[in-house]
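Good morning. Please have the sequence and the model open while I talk.

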Amino acid sequence: GATIPRICRPLIGKPLAPRFREASLFHDRICSNAKTAEDRLLADAVFLALLARNGVPLWKRWAMWAAVRAYGLFVWPLQRRRK
């Protein structure tokens, strides 16, 4: 499912909502194999495209995409250095 903070769930939705499942699955799979920032960018682009394909409203998919991009830009590089 999607990683949605509890405080955001009333606005965004439940992590296991059917509209989010495919996008979350593919995003997580690509990210688990990501070695570069470009790999993360691709994963985030796939996530955004699959949210659109599954009918997630524009404002919601941009909010979710912004969250995964922020993670990819700021948190993921730090985690990669620790390994």
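A helix, as I use the word today, is a DSSP run of H or I at least four residues long, and helices are numbered from the N terminus. With that settled, look just past helix 3: Gly55 follows this helix, and the phi of Gly55 is positive, near 80°. Please keep in mind that this is a predicted model.

Let me stay with helix 3, residues 37-53. How far apart should the ends of its 17 residues be, at 1.5 Å a residue? The expected span is 1.5 Å times one less than the number of residues, so for helix 3 we expect 24 Å, and the end C-alpha atoms are indeed 24 Å apart. The two values agree.

Which residues of helix 3 are buried? They are Arg40, Ala43, Asp44, Phe47, Leu48, Leu50 and Leu51. Notice that Arg40 and Asp44 appear there, and that both of these residue types count as charged.

Some of those names come back in the largest nonpolar core. That core has 12 residues in all: Ala2, Ile4, Ile12, Ala17, Phe20, Ala23, Phe47, Leu50, Leu51, Val56, Met64 and Val68. Helix 2, helix 3 and helix 4 each supply at least two residues of the core. Helix 3 gives the most, with 3 residues.

Next, the largest pocket. It holds about 450 Å³ of space. Its lining has 20 residues, and the closest to the pocket centre are Thr3, Ile4, Met64, Ala67 and Val68. Ile4, Met64 and Val68 are also members of the core I just listed.

Where does the lining come from? Helix 1 (9-12), helix 2 (18-32), helix 3 and helix 4 (58-82) each supply at least two residues. Helix 4 has the largest share, 6 residues. By type, the lining divides into 14 nonpolar, 4 polar and 2 charged residues.

Last, the cysteines. How many disulfides does the structure hold? The count is 0. Cys8 is in no disulfide, and the nearest cysteine sulfur, that of Cys31, is 19 Å away. For a disulfide, the two sulfur atoms would have to be within 2.5 Å.

Are these cysteines buried or exposed? Buried means under 20% relative accessible area, exposed means over 50%, and partly exposed is in between. Cys8 has 33% relative accessibility, so Cys8 counts as partly exposed. Cys31 has 14%, so Cys31 counts as buried.

That is all from me. Thank you.

Definitions and conventions
Residues are numbered from 1 along each chain as its sequence is written. This is a predicted model: local features need pLDDT of at least 70, side-chain atom pairs count only at pLDDT 80 or more; totals for chains, interfaces and linings use all residues. Side-chain values use heavy atoms; hydrogens and water are left out. Buried means under 20% relative accessible area, exposed over 50%, partly exposed in between (1.4 Å probe, protein chains only). On a 1 Å grid over the protein atoms alone, a cavity is a set of points where a 1.4 Å probe fits but cannot get out, and a pocket is an open set with protein on both sides within 12 Å along at least five of seven lines; lining residues have an atom within 4 Å of a point. Grid points are joined across faces, edges and corners, and a volume is the space filled by probe spheres set on the points. A nonpolar core is a set of buried Ala, Val, Leu, Ile, Met, Phe, Trp, Tyr and Cys residues joined through side-chain atoms within 4.5 Å.
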